[in-house]
Amino acid sequence: RGTQARFTGAAHVDFALPWRHELHVEGADVPHRSLGHELAHVVAGQLSTAPLRVPSRFVFFHHAAVTEGVAVALTPELSIAGGLTVKEQAAAMRRAGFAPDTAGLFSGLSFFAESPARSYVAAGAFIESLVARALPDPTRALTNLYATGSLDEALGSKEAAAALVQAHDQHLDLLPLPEDAAAIAVARFERPSLLDDVCRPA
């Protein structure tokens, strides 16, 4: 931790620098809590031609839902919580009333308007659906999404993107869940984004 802090200024976070083909993680636990996630950022960065090798517009407008959604979808074993998979968490979050709007999550700054727990899970679950449903060539759709940051461009049209969002949401609404899923969703997703949280005097 001291070495990472001295050379990067970050002592308590794991992170990747895709444009430098670097990742920085703390600890040597096996399995590591975030090594796969950060490695996914570096590998997926090869799909982007942006200077920082992340989906972006005008360099600085970062499509975080794509970046983090792909990393979560590529390493689903790291995102299991309470025994629930990423899609099961997303489904439970929807039924508990905490889920962000799927289409909105991939546009503008909506990803940052939600708590990280909500945004990461919702984005990862959607990317899983994109890979499963973007036929006949899911690999091309995922590559185009990472290169452009645009669902419309990745899927060929606004109509195709809207249809995938609708199919994904319907899939989550019908997904069977264990009895304790609701309680897990409340515990994990009830806390709002810092942007929405209300400061209360002590």
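**Helix packing and two buried polar side chains**

User: In this predicted model, at what angle do helix α4 (residues 86-96) and helix α11 (residues 181-189) pack?

Analyst: The axes of α4 and α11 are 9 Å apart. Angles of 65 to 115 degrees count as roughly perpendicular, and α4 is therefore roughly perpendicular to α11. The packing angle is about 85°.

User: Which residues of α11 make the contact with α4?

Analyst: On the α4 side, the contact is made by Gln-89, Ala-92, Met-93 and Ala-96. By class, the contact of α4 with α11 has 6 nonpolar, 1 polar and 1 charged residues. From α11, the contributors are Ala-181, Ala-185, Arg-188 and Phe-189.

User: Why are the buried residues of α11 placed on the same side of the helix, and what arc do they cover?

Analyst: The buried residues in α11 are Ala-181, Ile-184, Ala-185 and Phe-189. Their directions around the axis span a limited arc, which puts them on the same side of α11. On the other side of α11, Ala-183 and Ala-187 are exposed. The arc covered by the buried residues is only 100°.

User: Which helices are included in what covers the buried residues of α11?

Analyst: Ala-185 and Phe-189 of α11 take part in the contact with α4, and both are buried. Arg-118 lies in helix α7 (residues 116-133), and Arg-118 touches Phe-189. The cover of the buried residues of α11 includes α4 and α7.

User: Is Arg-118 buried or exposed, and what is its relative accessible area?

Analyst: Residues that Arg-118 touches, beyond those up to four places away in sequence, include Met-93, Phe-98, Pro-100 and Pro-192. Buried means under 20% relative accessible area, and Arg-118 is therefore buried, at 10%.

User: Which backbone oxygen lies 3.0 Å from a polar atom of the side chain of Arg-118?

Analyst: The side chain of Arg-118 reaches the backbone oxygen of Phe-189 at 2.8 Å. The backbone oxygen at 3.0 Å from a polar atom of that side chain belongs to Glu-190.

User: Where does Ser-48 lie, and what is its relative accessible area?

Analyst: Ser-48 lies in the loop between α2 (35-44) and β3 (56-57). Leaving aside neighbours within four places in sequence, Ser-48 is in contact with Arg-53, Val-54, Pro-55 and Tyr-146. Ser-48 is buried, with a relative accessible area of 3%.

User: At what distance does the side chain of Ser-48 reach the backbone oxygen of Val-54?

Analyst: The side chain of Ser-48 also reaches the backbone nitrogen of Ala-50, at 3.1 Å. For the backbone oxygen of Val-54, the distance is 3.2 Å.

How values were computed: Residues are numbered from 1 along each chain as its sequence is written. This is a predicted model: local features need pLDDT of at least 70, side-chain atom pairs count only at pLDDT 80 or more; totals for chains, interfaces and linings use all residues. Side-chain values use heavy atoms; hydrogens and water are left out. Helices (H or I, at least four residues) and strands (E, at least two) are DSSP runs, numbered from the N terminus. Buried means under 20% relative accessible area, exposed over 50%, partly exposed in between (1.4 Å probe, protein chains only). A polar contact is a pair of N or O atoms within 3.5 Å; within protein, one must be able to donate a hydrogen and the other to accept it, and residues adjacent in sequence count only if both atoms are side-chain atoms. Contact means heavy atoms within 4.5 Å. Axes are lines fitted to C-alpha atoms, for helices over the stretch in contact, and angles run from 0 to 180 degrees between N-to-C directions. Angles under 35 degrees count as roughly parallel, over 145 as roughly antiparallel, 65 to 115 as roughly perpendicular and the rest as oblique. Ala, Val, Leu, Ile, Met, Phe, Trp, Tyr, Cys and Pro count as nonpolar, Asp, Glu, Lys and Arg as charged, and the others, Gly among them, as polar. The arc is that of the directions from the helix axis to the C-beta atoms.
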